[in-house]
Each structure stands twice: as C-alpha cells, then as structure tokens.
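Here are a few exercises to work through with the model open beside you. Try each task before reading its solution.

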Amino acid sequence: MAKKILNGVLAATVALIIVVALQPAKYTITRTITVAATPAKVFPLVNNIHRWNDWSPWAKSDPSQKVTYEGPQSGKGAVQSWKGNKTGTGRMELVQSQPNRLVRFSFEFHTPMAGSAEAEFKFAPAGKGTSVTWSMTGSNSFMGKAFNLLMNMNKMLGNMLEKGLDGIKSQAEGPIKK
C-alpha cells in the first residue's frame, strides 16, 4: 500500500513538473490609457527618471524605500536603484529615448526574486490628447512559471501597470510640477 501511495505521489510530482515546464518562457503584459495632455507634457514624466516616484504604483506601495540615481536625470543612461521592504531591491536603466514617442527601460530585480524585464512606453497623439502604452516583457524561470500557474501574472502585473498609467494621467492632467 505504501508503495502505491509513493508511486502516486511520484507520478503527480512528475506531472506537475511537466505542466510547469510547458508554461510559456516569455511574457508580455501591455496596458494603454488616453491622457488629456500633449505628448510633450506626458513624455517627461517617464523620461525623467526622478519623476517616477510621482506616479509609480511600486513607489506608492513602499514609500519608505530608498532610491538612488546614477547618470543623467533623464534620457538614455539614467539609472534608478531601489531597496524597499515591499518592493525588494533592483535597478532600472533607461536604454532608449525618442522625444515624445518612446522610452525603453531595462530592469534587474535582485530580491525577493531575481529576474530581469524590459519596459517600453509608447506615446502617440490621440485626438487632443496622448495615447500612452506601457508594455513589460520578460522571461519566466521554472519558479516563475510555477508562480504563474498559481497567480494570474497578466492580471496582477497588469493591475500595477494600470495604476501607473492612472498616475501618469493624473500628473499630466494636473497642475504643472517643476
């Protein structure tokens, strides 16, 4: 009887490993919002790395996190590193900037789970405003694939992107900040 139970547990474990291994290795999560402001007003909120804490949902979830900067304040080469209780530790670097059109970042996450991702913001005129699209792309490790089986990554991370876009909208449509 014990042998049958052990074989059953072993078979279930192997099946679970196979299911996890077959999950997608890459993910892309995208959200879009229309902001009642010109691309010239919206773009600096993302391109100026020092402005991220004004709208970032992660900064708002962990206001005691320590943030440091390297390189220029905005544009290619701007770097922000963080260390927080809820946000863990990591680093982001602005790797491409096309004024009023595109900003790309490279992310390195150290804790609580090591990983990397790319983020892209696209800005396009939309009537009297701007369409802002935020996409995040990355790779799933075996543990990431297993986590994705338990938690809907598209919904979880997508909700954070939506909060960030709402923050950008609020900042861009509100009074001008210096």
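**Exercise 1. Work out the strand order of the open sheet and say which strands stand at its edges.**

Step 1: Walk across the sheet. Its seven strands come in the order 1-7-6-5-4-3-2, and the pairing is antiparallel. Strands here are DSSP runs of E with at least two residues, helices are H or I runs of at least four residues, and both are numbered from the N terminus. Two strands pair if DSSP finds at least two bridges between them.

Step 2: Look at the ends of that order. Strand 1 (26-35) and strand 2 (66-70) each have a single partner strand, so one side of each has no neighbour in the sheet.

Step 3: Add the twist, which averages 20° from one strand to the next. Axes are lines fitted to C-alpha atoms (for helices, over the stretch in contact), with angles from 0 to 180 degrees between N-to-C directions.

A word on the ground rules: this is a predicted model, so local features need pLDDT of at least 70 and side-chain atom pairs count only at pLDDT 80 or more, while totals for chains, interfaces and linings use all residues. Residues are numbered from 1 along each chain as its sequence is written, and side-chain values use heavy atoms, with hydrogens and water left out.

**Exercise 2. Find the partner of strand 1 across ten bridges, then the helix that lies across strand 1.**

Step 1: The partner is strand 7 (residues 129-139), joined to strand 1 by ten bridges and running antiparallel to it.

Step 2: Pick one pair to check the register: Thr30 has Ser135 in strand 7 as its bridge partner.

Step 3: Now for the helix. Helix 6 (residues 153-173) lies across strand 1, strand 6 (115-126) and strand 7, and runs at about 30° to strand 1. Contact here means heavy atoms within 4.5 Å.

**Exercise 3. Trace the chain through strands 4, 5 and 6, and describe how the hairpins are built.**

Step 1: Start with strand 4 (residues 88-98) and strand 5 (residues 102-111), an antiparallel pair with nine bridges. Leu94 stands opposite Phe105 in strand 5.

Step 2: Inspect the turn. Three residues separate strand 4 from strand 5 in this hairpin, and Asn100 in the turn has a positive phi of about 60°.

Step 3: Carry on to strand 6, which pairs with strand 5 in the antiparallel sense over eight bridges. This hairpin also goes through three residues. Leu102 faces Lys122 of strand 6.

**Exercise 4. Of the six salt bridges, find those that share partners, and sort their residues into buried and partly exposed.**

Step 1: Set the cut-off. A salt bridge puts a side-chain nitrogen of Lys or Arg within 4 Å of a carboxyl oxygen of Asp or Glu.

Step 2: Take Glu120 and Arg104, whose closest N and O atoms are 2.6 Å apart. They link distant parts of the chain, Glu120 in strand 6 and Arg104 in strand 5, 16 residues apart.

Step 3: Glu120 also meets Lys122 in a salt bridge (3.6 Å, N to O).

Step 4: Sort by relative accessible area (buried under 20%, exposed over 50%, partly exposed in between; 1.4 Å probe, protein chains only). Glu120 comes out at 16%, so Glu120 is buried. Arg104 at 31% is partly exposed, and so is Lys122 at 44%.

Step 5: For a second site, go to helix 6, where Lys169 and Glu173 lie four residues apart, about one turn of the helix. Their side chains meet in a salt bridge (3.0 Å, N to O). Lys169 is partly exposed at 26%, as is Glu173 at 37%.

Step 6: Back to the shared partners: Arg104, Glu120 and Lys122 are joined into one network.
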